[in-house]
Amino acid sequence: MNLPPRILATPEAEALIARLTMRHGPLMFHQSGGCCDGSAPMCFPRGEFRVGGQDVLLGQIAGDVPVWIGAAQFEYWRHTQVTIDVVSGRGAGMSLESPEGMRFIVRSRVFTDEENAVLEAAGEPLRGA
């Protein structure tokens, strides 16, 4: 059964991720709810942000970059496919793209009824340790 991906990245985001990976090594993203920086996808060196049981793995982008989301936020977004994109502007203070003059953002679309049925049949996504 082919599951529709919960997370995607635009080619522009993947290009920035590749540059950041060259500079910082393996990366990860975390998306939490909240205002200000918390509403943007945050890019970290892998392992710098500790995920736990209240984090849900949306999937991987740009090859092997895991994207995690807070469980409470996932409940709001579980019926949407999330795409990480990049735009000009200052990134979040703790996110690695901040000095690049770019910032990661999320775009989303609602899954179709058929996609939702497939995802629900597959069970809950993986949570952090």
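**View 1. Thr83 and what it touches.** Once residues up to four places away in sequence are set aside, Thr83 touches Leu8, Ala9, Thr10, Ile105, Val106 and Arg107; contact here is heavy atoms within 4.5 Å. This is a predicted model, in which local features need pLDDT of at least 70 and side-chain atom pairs count only at pLDDT 80 or more, while totals for chains, interfaces and linings use all residues. Residues are numbered from 1 along each chain as its sequence is written, and side-chain values use heavy atoms, with hydrogens and water left out. Thr83 sits in strand S6, residues 80-88. Helices (H or I, at least four residues) and strands (E, at least two) are DSSP runs numbered from the N terminus. Thr83 has 18% relative accessibility, so it counts as buried. For the cut-offs, buried is under 20% relative accessible area, exposed is over 50%, and partly exposed is in between, using a 1.4 Å probe and protein chains only.

**View 2. Val87, also in strand S6.** Val87 belongs to strand S6. Beyond residues up to four places away in sequence, Val87 touches Gly101, Met102, Arg103, Ile105 and Arg107. Ile105 and Arg107 turn up in the Thr83 list too. Look for Ala15 as well: Val87 and Ala15 are 72 residues apart in sequence, and their C-alpha atoms are 12 Å apart in space.

**View 3. Ile69 in strand S5.** Is Ile69 buried or exposed? Ile69 is buried, with a relative accessible area of 0%. The residue is part of strand S5, residues 65-70. Leaving out residues up to four places away in sequence, Ile69 touches His30, Gln31, Gln54, Asp55, Val56, Leu58, Phe74 and Trp77. C-alpha to C-alpha, Ile69 is 6.5 Å from Leu57, with their positions 12 residues apart in sequence.

**View 4. Ala62 in the loop before S5.** Ala62 is found in the loop between strand S4 (55-61) and S5. What catches the eye is the backbone: phi of Ala62 is near 50°, a positive value in a residue other than glycine. Ala62 is partly exposed, at a relative accessible area of 30%.

**View 5. Gln73 in helix H2.** Gln73 has its place in helix H2, residues 71-77. With 15% relative accessibility, Gln73 counts as buried. Which residues is Gln73 in contact with, leaving aside its neighbours within four places in sequence? They are Ser32 and Gly33. Gly33 is 40 residues away along the chain, yet the C-alpha atoms of Gln73 and Gly33 are separated by 5.3 Å.

**View 6. Helix H3 and its two sides.** The buried residues of helix H3 (residues 113-122) are Glu115, Asn116 and Leu119. Seen down the axis of H3, these buried residues fall within an arc of 100°, so they line one face of the helix; the arc is that of the directions from the helix axis to the C-beta atoms. As background, an α-helix has 3.6 residues a turn, so residues three or four places apart point the same way. Strand S7 (102-110) is included in what covers the buried residues of H3. Flip to the other side of H3 and Asp113, Glu114 and Ala121 are exposed. Just after H3, Gly123 takes a positive phi of about 90°.

**View 7. Ala129 in the segment after H3.** Ala129 lies in the segment that follows H3. Ala129 is exposed, with a relative accessible area of 95%. Even so, Ala129 touches Val51, Gly52 and Gly53, not counting residues up to four places away in sequence. Leu119 is 10 residues from Ala129 along the chain, and their C-alpha atoms are separated by 22 Å.

**View 8. Zooming back out to the protein chain.** The protein chain has 3 helices and 7 strands, in the order β-α-β-β-β-β-α-β-β-α along the sequence. Its C-alpha atoms fill a box of roughly 40 × 30 × 25 Å along the principal axes. Of the 129 residues, 47% count as buried. Among contacts between residues at least 6 apart in sequence, 60% join residues at least 24 apart.
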